[in-house]
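Biologist: I'm a first-year and still learning to read protein models. Could you take me on a close look at one part of this one, and then show me what surrounds that part?

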Amino acid sequence: MYPDNHRPRKSSTPPYARIDWSWIEIPIECKLDTVAHDPFGEGAEGTAESQKKVYEQLLSYAELVFKFQQRTFFFMILFLGNDARILRFDRSSVFVTEKFSYRDNGRKLADFLKRYALLDLERRGHDGSAKRVTPMSEKYKEMVNAVNDESIDAPDYVRQLFKKSLDTNWPWWELLVQDVDSKKSHRFLVGKPHFQA
């Protein structure tokens, strides 16, 4: 699920709609088997490997959300045949609901989505100290112009690293960081990271 004005554009040829990890709000994964593909449930004989693969897939999705967005946590929906689970990922753990039948008890899923829609961005897991820099905004222009601004006292290698970070295929951010000692806030405009742990 995406914010309405940031959903990927549809195409008539494959890939039909590319996943945009920088804007995705709630990832949704669909699996056919309610037991063999449920990484959080009791497995039947011989299902451990398939459950492990699904778990690794979900973790890779979580890694992509945290890589492209400034999030403290996010929710994911996992459909397993006629059942579902709601997951909450943060940077150190995942919390999972009991498996429920969305066919017999669709109210649970509808209630979650309704309540989620009423939350503000921080309660949805967005970092309140980070604001997305959108293309052609004033902050965007400021970042682009900073590369060639001779009045900014910065060594050439710093200027080149900053220029390299201005990848238009990557989200740019304005981060507010509060100095613990002085209690002052400092504003940083950042592009693509040079290193990701």
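Modeller: Here is a walk through the pockets, followed by the salt bridges and a few spots on the surface. Keep in mind that this is a predicted model.

Let's start with the empty space. Rolling a probe the size of a water molecule over the atoms shows where empty space is left. The largest pocket has a volume of about 600 Å³. It has 22 lining residues, and the ones closest to its centre are Asp20, Ser22, Trp23, Arg132 and Thr168. If you sort that lining by residue type, you get eleven nonpolar, six polar and five charged residues.

Now for the second largest pocket, which comes to about 290 Å³. Here 17 residues make up the lining, with Leu121, His126, Ala130, Arg132 and Trp173 closest to the centre. Did you spot Arg132? You'll find that name among the residues closest to the centre of the largest pocket, and again among those closest to the centre of the second largest one. Strand S6, residues 130-133, gives the largest share of the second pocket's lining, namely three residues. By type, this lining splits into six nonpolar, five polar and six charged residues.

From strand S6, let's step along the chain. The loop between S6 and H3 holds Met136. Met136 has a positive phi of about 70 degrees, although it is not a glycine. Is Met136 buried or exposed? With 56% relative accessibility, Met136 counts as exposed, because the cut-off for that word is over 50%.

After that loop you reach helix H3, residues 138-146, and there sits Lys139. The side chain of Lys139 meets that of Glu174 in a salt bridge, with 4.0 Å from N to O. Glu174 belongs to strand S7, residues 172-178, so this pair links distant parts of the chain, 35 residues apart. How well covered are the two partners? Glu174 has 11% relative accessibility and therefore counts as buried, while Lys139, at 29%, counts as partly exposed.

Glu174 has another partner as well: Arg187 forms a salt bridge with Glu174, and their closest N and O atoms are 3.8 Å apart. Arg187 lies in strand S8, residues 185-190, and Glu174 in strand S7, so the pair ties together parts that are 13 residues apart in sequence. Arg187 is partly exposed, with a relative accessible area of 40%. Put these contacts together and you get a network of salt bridges that links Lys139, Glu142, Glu174 and Arg187.

Between S7 and S8 there is a loop, and Lys183 has its place there. Like Met136, which has a positive phi without being a glycine, Lys183 has a positive phi, in this case about 65 degrees, and is not a glycine either. Lys183 is exposed, with a relative accessible area of 57%.

How many salt bridges are there in total? The count comes to eleven. One of them joins Asp38 and Arg85, whose closest N and O atoms are 2.9 Å apart. Asp38 lies in the loop between strand S1 (28-31) and helix H1 (48-68), and Arg85 lies in strand S3 (residues 83-90), so the pair ties together parts that are 47 residues apart in sequence. Both partners are tucked away by the numbers: Asp38 counts as buried at 1% relative accessibility, and Arg85 is buried too, with a relative accessible area of 7%.

Let's finish with two spots on the outside. Helix H4, residues 156-165, contains Tyr157. Together with Val158 and Leu161, Tyr157 makes a nonpolar surface patch of about 290 Å². Tyr157 counts as exposed because its relative accessibility is 58%.

The other spot is Arg103, which you'll find in the loop between strand S5 (100-101) and helix H2 (106-118). Arg103 counts as exposed, at 60% relative accessibility. Try tracing the chain back from there to Asn82: Arg103 and Asn82 are 21 residues apart in sequence, and their C-alpha atoms are 6.2 Å apart in space.

Technical notes
Residues are numbered from 1 along each chain as its sequence is written. This is a predicted model: local features need pLDDT of at least 70, side-chain atom pairs count only at pLDDT 80 or more; totals for chains, interfaces and linings use all residues. Side-chain values use heavy atoms; hydrogens and water are left out. On a 1 Å grid over the protein atoms alone, a cavity is a set of points where a 1.4 Å probe fits but cannot get out, and a pocket is an open set with protein on both sides within 12 Å along at least five of seven lines; lining residues have an atom within 4 Å of a point. Grid points are joined across faces, edges and corners, and a volume is the space filled by probe spheres set on the points. Ala, Val, Leu, Ile, Met, Phe, Trp, Tyr, Cys and Pro count as nonpolar, Asp, Glu, Lys and Arg as charged, and the others, Gly among them, as polar. Helices (H or I, at least four residues) and strands (E, at least two) are DSSP runs, numbered from the N terminus. Patches are made of residues with over 30% relative accessible area and no salt bridge: like charges are joined within 9 Å, nonpolar side chains (Val, Leu, Ile, Met, Phe, Trp, Tyr) within 5 Å. Accessible areas come from the Shrake-Rupley method with a 1.4 Å probe; for residues, only the protein chains shown count as cover. Buried means under 20% relative accessible area, exposed over 50%, partly exposed in between (1.4 Å probe, protein chains only).
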